[in-house]
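Here is a walk through one protein model, meant to be read with the structure open beside you. Turn it around as you go.

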Amino acid sequence: GSVATVGFKRGLAGELGAAVYSDYRGRDVVGGFAAIPQMRWVLLIEQDAGEALSWLSRLAWRAAITALLVAIGVVFLSFLAARRMAAPLQRLAAVANRVAEGVHDARVEPVAEPEVDAVGKALNHMLDQLAAARERLVHTAALAVMGEMSSAVVHEMRNPLSSIKLNVRALLLKLGGDVRHSELARIAEEQVERLERMLTDLL
């Protein structure tokens, strides 16, 4: 696109990390970015934020795209590098293939060549940041589901509690001077009110 994204700008500024921002089309994305100053490059991978939670169910397809992007980068680097860089670049490709196969903890081992080592470190850091971002999104979604379930449970419990409370108050009026049973009814009413407070605190 003609508009540089936040991830691209931050990578261009020399930052390493991941963030949620809008891409050049205005979509919310989770982006991983890393600067490679030795080669004046910015390594950038973006994923639609709405699809981040569906990552696990579509792992093979997403990992294949990631592997393809990394493989393209590796091929491009191989044209710029000397023949001596062939073996280290093959290590990068091997890690990309392992990620494509679902091994999310696969990382590039340090290599002697500074340029390739910089790419490996940037890739490792980006994969770490993307994994952390996915975990945060999954955790947030789980909390949202728990909140919805809690709200539904509280609502369903409040209706019978209200009915019990009304019935206990009616019994109190009916009992009149019966001290013993009136005291039992007041205890029941207090416990109902306690449950109502607990449900309110839960919300």
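What do the buried residues of α5 pack against? They pack against α4. Keep in mind throughout that this is a predicted model.

**Helix α5 and its partner**

Start with α5, which covers residues 179-202. Its buried residues are S182, A185, E189, V192, E196 and L199. If you read down that list, the general rule for helices is handy: an α-helix has 3.6 residues a turn, so residues three or four places apart point the same way.

Is the length of α5 what you'd expect for its residue count, or not? At 1.5 Å a residue, the 24 residues of α5 should span 34 Å, and the C-alpha atoms at its ends sit 35 Å apart, which agrees.

**Charges between and along the helices**

Side chains of opposite charge can pair when their charged atoms come close. In this model the count comes to eight salt bridges. Three of them are set out here, with the N to O distance for each.

| Salt bridge | N to O distance |
|---|---|
| R10 and E15 | 3.0 Å |
| K165 and E196 | 3.2 Å |
| E183 and R186 | 3.2 Å |

The K165 and E196 pair, at 3.2 Å from N to O, is a good one to zoom in on. K165 lies in helix α4 and E196 in helix α5, so this pair ties together parts that are 31 residues apart in sequence. K165 counts as buried because its relative accessibility is 16%, and the cut-off for buried is under 20%. Leaving out neighbours within four places in sequence, K165 is in contact with V192, E193 and E196. The charged story goes further than one pair, though: K165, R169, E189, E193 and E196 are linked in a network of salt bridges. E189 and E196 also turn up among the buried residues of α5.

E183 and R186 make another salt bridge. Why are these two about one helical turn apart? They are three residues apart in helix α5, so about one turn separates them. E183 is partly exposed, at 38% relative accessibility, and R186 is partly exposed too, at 36%.

Away from the helix pair, E15 forms a salt bridge with R10. E15 is partly exposed, with a relative accessible area of 32%, and R10 counts as partly exposed at 29%.

**The three-stranded sheet**

Now swing round to the sheet. It is open, has three strands in the order β1-β2-β3, and the pairing is antiparallel. β1 (16-22) and β3 (41-48) are the edge strands, each pairing on one side only. On average, neighbouring strands are turned by 25 degrees against each other, ignoring direction.

How many bridges join β2 and β3? β2 (residues 28-36) pairs with β3 in the antiparallel sense over eight bridges. Two partnerships to look for are F33 with L44 of β3 and G31 with E46 of β3. β2 and β3 form a hairpin with four residues between them, and R40 in the turn has a positive phi of about 55 degrees.

E46 leads on to an acidic residue in a loop. D23 sits between β1 and β2. Is D23 buried or exposed? D23 is buried, with a relative accessible area of 7%. Apart from neighbours within four places in sequence, D23 is in contact with T5, V29 and E46.

**Where the sheet meets the core**

Helix α4 (residues 114-175) lies across β1, β2 and β3, running at about 160 degrees to β2. α4 has a hand in the nonpolar interior as well. The largest nonpolar core has 22 residues, and those with the most contacts inside it are L92 and L123. β2, α2 (59-80), α3 (86-100) and α4 each supply at least two residues of this core. Which of these gives the most? α4 does, with nine residues.

To see the core from one of its best-connected members, pick L92. Not counting residues up to four places away in sequence, L92 touches V74, V108, V116, V119, G120 and L123.

So α4 is a useful thread to follow through the model: α4 lies across the sheet strands, gives nine residues to the largest nonpolar core and has the buried residues of α5 packed against it.

Note on methods: Residues numbered from 1 in each chain as written. Predicted model: local features only at pLDDT ≥ 70, side-chain atom pairs only at ≥ 80, totals over all residues. Heavy atoms only, no water. Pairing = 2+ DSSP bridges. Axes fitted to C-alpha atoms, helices over the stretch in contact; angles between N-to-C directions. Contact = heavy atoms within 4.5 Å. Buried < 20%, exposed > 50% of the residue type's maximum accessible area, 1.4 Å probe, protein only. Salt bridge = Lys/Arg side-chain N within 4 Å of Asp/Glu carboxyl O. Expected span 1.5 Å × (residues − 1). Core = buried A, V, L, I, M, F, W, Y, C linked by side-chain atoms within 4.5 Å.
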